[in-house]
Every structure is written in structure tokens, then in C-alpha cells.
Amino acid sequence: MLPTVSAQPQHSVLDEKREAVDLRVEKIRHKLDSIRNVRHRPTVALVLSGGGAKGAAHVGVIKYLESIGMPIDIVMGTSMGGLVGGIYALGYDADHLDSIIRNIDWDMALSDKVPRDYLSYSSIKYKEKYALSFPFLYDKNEYLHMKGADQDYMRRADDIHFGAGQADATSMVKDNLLGSLPSGMVYGQNVNNILSSLSVGYQDVIDFYDLPIPFLCVATDLVSGTAKIWTKGKLNTALRSTMSIPGLFAPVRVDGMVLVDGGMRNNYPTDLAKKVGADIVIGVNLSDGYKNYNQINNLADIINTGIDMLGRSSFESNVDIPDVNIKPDLHEYNMLSFDTNSIDTIINRGYQAAMAVADKLDSVKAVVGADKTVLRNDPAQDIRLRKVLVSGVEITGVDDNESLYLMKKIKVGAGARMGNEEIEDAVATIFGTNAFDYVNYELVGDEEPYRLKFNCKRGPVCQLGLGGRFDTEEIVSVLINLGWGVHKIQGSSLDFTGKVGTNPNANVTYSYISPKGLSFNVMAGVRYTDRNTFSIGDNRFRINFLDVRQEIYLSNFKWSTFFLKTGFRNDYYNVSSLMAEQAFGDYDVNQLSNDYVTFFFDARKDSFDNGYIPTKGKSVGFTYEWVFGGGPNKFNNFHSFQFDVKKVFGGDSFAFIPSLDLRYLLGEEVPVPFTNTIGGSMAGRYLDQQIPFIGINNAAAMQKILTVARADCRVKLMKNNYLSMIANYVASCDELSSVKKWKTEVRDYFGCGLQYTYNSIIGPVSANIHWSDYTHNVGFYFSIGYDF
């Protein structure tokens, strides 16, 4: 008979071993002992539990504790409790902490987004076409570097195989491709940089017990399945890891660990307060307890319940440890209730919950005496309020040529005084290149001047985009994009785009970005347009043509705030049929099959916050084209000038949006493919130069000098639902002198409409009814999806 052996579960043994190493009890106990011996009072620990947005209640609790003069000798927390506790430990008082939490733009903080005007014009327009787009496949050298740094990097899905044989190559492609897929919705770039703005002076590798208030926080290591207790290291890394909610934030990978939210192991670490030697424990418990069937509904509920479930055993053993247990009533809120009104209420609920146990807190205060919280070191600097002197600037994660290029773009250097605005501008500029998964910064050093260090993590270099649209003009269209090497700062890339539908097109572009950032591009494409085919509604201008196009041009350079593009284009047009309901100007309708060589220059500026439902910003564009050669048929050289401007006045609830489009064709008998065209809701749908016009479906041909003025009045009905009243006016003629004979030689039309728009995840859903004195009919247009 074998003897009975008593054994603990493996994770418990691992937890105890790691805990003993991480806690460094001797160090903190020495500090707490000095308080007992010098101040002759018991020590007080403040423990803050996790809870996502509900963690704002900790601010209210701290405000109350400060109001009664409660000394806090060590603070510790998990998840949002770790974040709030970490900021408090940096020396910020309750009022400053309150201001910080209230003024954070949480929508931006919980994303990796940068303001739209930091993106290139081409990136902006790309995002306005594709319902789904994602980068994939790291550069070979970057993949090998990451694999060398972490031998276990993203090895998974052994059943996937590429090709026959060549196991090493197959493994590399498989691991690289799958390893480039995201491990969370966001990397946490913005929240990390918020922490950097608040922790200046404490961004090196430090001992957390030497912070103004000693501090520790808890994360979960997915490799060992144990709790990681942070008492030293980089504070930003610790705070990012303790609140790394699985699925929302990518894990923090450091020292062989893959760290996620500490709530999965110890969401209420009151046991650690006792283990480090605190005499009195004040705990703030944000747990809602067990949820019933009706309380688990959305993503936030599911994630929160999953984290609670994994950390339930530790929570149940820790919940009765505190001498004072503060429990705010937050039953109607969840971990993602970060809107302004919710944060305000949650902070106030925290204060009220502390007041509710005032008798217990007063008893503690009576024991500890007149002492208040004493900062052991100087508080951190908040560069949102005060600029600091920078001794030098460094960009890591890039090679020398890339660093030189980026340094010129961000325009910062040694000897400058910089605050949060200037540094965030530089971060957004670097991230706006689309070459990196994230860009974080550090101000290295414990006093001025600091060294500013930008840490760049290269992202996948390839891109896949998928778009789709249904509308009453083209019925169903699908857009596919595959870019190879398009997310590199420098070097070569290849990009393919194809549209499948009643008017298909395809093009492939080779680009080379020089070390100075200038892009040299060669494009070849084909486009087929058939306005005789399927459509619902009026069809005033019918044209069927094939356009085979080649371009060679320069791009990726700016003048002031304008993105510029210039080069040469060759178009071979084969117009197989043409019909208009009325004569439409001084055009050569005999040039139906010919080649045209064009020099073009294009300048664009777009500062809208949203391309379809803008609430602020403007767009301005100018295009010049000189068509000077071609064959085999002869034609007169001609020029075209096009200008457009659009601006938003108002905001989200109400917006007035005027716009103006001008196009002037200078020359005699301009070939018909360059006809001025208006109509529909989408610019360039059938011809590149087509200008939208409410009141005319499909397209209508206009004379050589064209002006379209439009005004949209948009009101917000409810979240994501908008109603717009639209009016536009068009005037066209063949000669400037015709303006003097407006009634006889200028053709002008008025159109108006009423449009409903729903801003959906797959693109705008729009429907409008309209009328114009061109058609003298009421028309209808409906669309789902992005324009392309």
C-alpha cells in the first residue's frame, strides 16, 4: 500500500515561489518598520481592486481619505485599480488625480488611433473605401529579429501548410503570417503615452517601493499561469500589463512573460498587503459578485465575467481581509462605461461609499493619529501642465536612414523645452507613417534635462482590404486590395486593386520610397464603364468605353498642409457607344478611339474628422491637366483646371456644410472622354471628372466651363442617425464671354433632396429622395457601404 502524499496544486506552488521573489518583503517591511518606530503608529495599506471603468470610483475614495487626513503608507492594486494606484503613488493628490481621470479622452485612450490629419492623404482615402482592412506578414528581417528575441514567438496552428516539402520555409511563412495577426483590439499605444506624460522622473527601471508612495500591482503571466507581482522594473510596463484586458489590449511581452490583466489571478490583492507587513488594510472592492442569466449580455459583461471567474478563488479568500472594506454601488455600470457622465457618477459613488463607512475610517484615523500621507520622494512631473528640457532625442526600432528621415519629419531636437502637446505631435507623426504597430515614448532620467526616446515596434508590411457596396445605380460592387510591402517607410512596394461589378476596373502600382521620403510610382490599369447597362432611375448620359491607363508620377511630398502628386499619364480610350438626351457642349464626338498623353499636377488637403459624416474640418483640392499628345487620331491640345472646396460649420448635432466645385476646359473640340459631367452621389463614378449633383441620378453631360455650388444642412436624430436637407445649383457654358448672355448661353439647373444616413460598421446606409429642374422628376437613391 502506497503512503498518502499531501500535495498542493501546481499553480499554487508556482504562485508562492514567484510571490516570494517578486514581493521582496524584506525591503518593504524595513520601510514600514521605520514608520512604526519613528511615527509610533500602525501602518496603513490601500488596496484597489480591478473593474475597468468602475475603477474611477477609487478616485472618489482617495478624495474622502485625503479629506479626513488618512495616511497611506503603501498602495497596491490590480487592473484599473493598479492604474489609479500607480498614478496616486507618483505623488498626485486627490484633486489632481480627479482632474486626470475626468480629462482623459477614453475613446482615444482605449485605441491606437491618432488624429486623422496625421495620416497621409492616400491613407485617409484608403480607410474611406474598405469595410475590412488589416496588415499582415512582417518583413523577413523583422520576423527573424523578433523570433530571436523570443523563441516561443507565435508558434501555433501546426495543421497549416504551404507548398510541398521545404518544411523550414513553410514554417517561417506560417509562423510569420499567423504571428502578424493581432493579439488584441489595440496595442495600448495611447494609454501607455498617457502614463508617460504623468510619470516623468520615474521612467527608468526603478524600485516601486521608492516611489513617493510605495506601490505594487498585479498582472497575470500566461506562460506560467501565475500572478506577476510588480515591485520593480519600468512603471509604465507594469501599469500597462496590470490592465491588459484579454481581447481588448494586446498582452505585454517582457522577460519571457506574456502578461495580461491581473484580475485573472488576484483582482483584490488584500492578501499581499498583509504579507508585506501592513497593520491596517483599507480595501476598495468593485466586484459585482456572481452575475445571473440576465446580467451577461454584451462583450464587456462576458470579458468581465470571465476575468472574475478565473480570479474567483483568490477573491473569495481575500474579500474578508481588509479592516475597512469600501464597496461602491455600481450595479448599472460595466468595465467599459467610460463616457463622461458615467465617469462623473462613478467617482461620486466612490466618495459616497467611503462616507458610508465613515465610522470605521474614523476609528482607524483615531488609531493612526494626526499623521497624513507623506511623500517619500519628489512627485512625478505632469508634462501636460509644464514643459521639460530635453537633452537629446532618440528613435529606436528603425535603421539609421529611417531614423534620419523620421527626425526630419518630427522636427524636435536637443535643447528644446517640450510638453505633452509637442511630444504627442511627434508620436502621431511617426505612427502616421503606417509602418509601426505602436510608437511609445519615454523621458529617460530622474531630473532635467531628460532624454526623449521614441520606441517604435515595426508592424506587418503587407495589407489586405475588402470593400462592398449595394446601391441603386450599380447594384452590387466589390473592391479588393492587396498591398505587398506597402507599410514600409522606405524601399519598394507593389499594390493591386480590383473592382468587381457592372463597371469593373483593376490596377497595379509599383512604388519606391527614397531615403528622403519621396515616392516614385509606376501604375498600369484598365477600366470598363458601361452606362448602357443596369441602372434604376434616369439615365441622361449613356456612354460605354474601355480605358487602358498607365501613369508614372511622384508623390508622398507636401507643400504646407497639401499633399502633392505630379507626373504623366497615358490613356487609351475606346468609346464603343455614346448618347445624350441633348447637345452638351463644344466636344469632339468623333474621337471615340484614341490615345491621350497627359501631364498632371494634383494638390489635396483633407482635415475632416470623418469622410462621410464630418463634424469638423475642411477639404481643398486643385488639379491641373495638360493633354498634349497621343494618336493615331489628331486632336487639339487642351488644358483642364479643377478646384473644389468643402467646409463644416457646426458639429455633430447640427452641421452646415457648403461646397463648391469648378472645372474649366481650355481648348477647342475637347475629346468626349474628358466631358464635364455631373450627377449621382459619388464623385468619379463613371468618369474621373464626374461631380456629384443631388437631383440627377447616374450622369449628365455639361459644357466646358462648369460650376457646382452645394449646401448640406445636417441634423443628428439619435446616435449614428442623421437627416440632411441638400440643395445644389449648377451653371455651365462653353466660353467665359457667355456669362454676359446668361439667359441664352448659360445652362443652369437647381436640385434639392432629403437624405437619411445611418453610420454603420460596414459603412454609411443612405437613402434620399430628390428633384431637379433638369429631370423635372422626383428620384430616389439608396446605398449601403463605402464609396469606390
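Which residues of α10 are buried? That was my opening query today, put to a predicted model.

**Entry 1: helix α10**

I looked up residues 189-198, the span of helix α10. The buried residues turn out to be Q189, N190, V191, N192, N193, L195, S196, S197 and L198. That is nine of the 10 residues, so I noted the helix as largely enclosed by the rest of the structure.

Next I wanted to know what covers the buried residues of α10. The cover includes the helices α4 (80-89), α5 (94-103), α6 (106-109), α11 (235-242) and α18 (420-431), and strand β14 is part of it too.

**Entry 2: α10 against α18**

I then picked α18 from that cover and checked how α10 sits against it. The two axes come within 11 Å and cross at roughly 155 degrees. An angle over 145 counts as roughly antiparallel, and therefore I wrote the pair down as roughly antiparallel to each other. Their crossing is right-handed.

Which residues meet here? From α10 I listed Q189, N193 and S197, and from α18 N420, E424, V427 and F431. Sorted by type, the residues of this contact are two nonpolar, four polar and one charged.

**Entry 3: the sheet with β14**

Since β14 turned up in the cover of α10, I followed this strand into its sheet. Four strands make an open sheet here, ordered β13-β12-β15-β14, with mixed pairing. The edges are β13 (417-418) and β14 (436-444), each of them pairing on one side only.

At the β13 edge, I found β12 (residues 388-396) paired with β13 in the antiparallel sense, over two bridges. V388 has M418 in β13 as its bridge partner.

I also found a helix on this sheet: α17 (residues 400-410) lies across β12, β14 and β15 (450-458). Relative to β12, helix α17 runs at about 140 degrees.

**Entry 4: strand β9**

Is β9 enclosed or open to the outside? Five of the five residues in this strand (residues 257-261) are buried, so I put β9 down as largely enclosed by the rest of the structure.

I checked two partners of β9. Strand β5 (residues 215-221) is joined to β9 by three bridges, and the two run antiparallel; here T220 stands opposite V260. Strand β8 (residues 252-254) also pairs with β9 in the antiparallel sense, over three bridges, and R253 stands opposite V258.

Last, the turn: β8 and β9 form a hairpin with two residues between them. D255 in this turn has a positive phi of about 50 degrees.

Technical notes. Residues numbered from 1 in each chain as written. Predicted model: local features only at pLDDT ≥ 70, side-chain atom pairs only at ≥ 80, totals over all residues. Heavy atoms only, no water. Pairing = 2+ DSSP bridges. Contact = heavy atoms within 4.5 Å. Axes fitted to C-alpha atoms, helices over the stretch in contact; angles between N-to-C directions. Buried < 20%, exposed > 50% of the residue type's maximum accessible area, 1.4 Å probe, protein only. Parallel < 35°, antiparallel > 145°, perpendicular 65-115°, else oblique. Left-handed = near helix turned anticlockwise from the far one by under 90°. Nonpolar A, V, L, I, M, F, W, Y, C, P; charged D, E, K, R; others polar.
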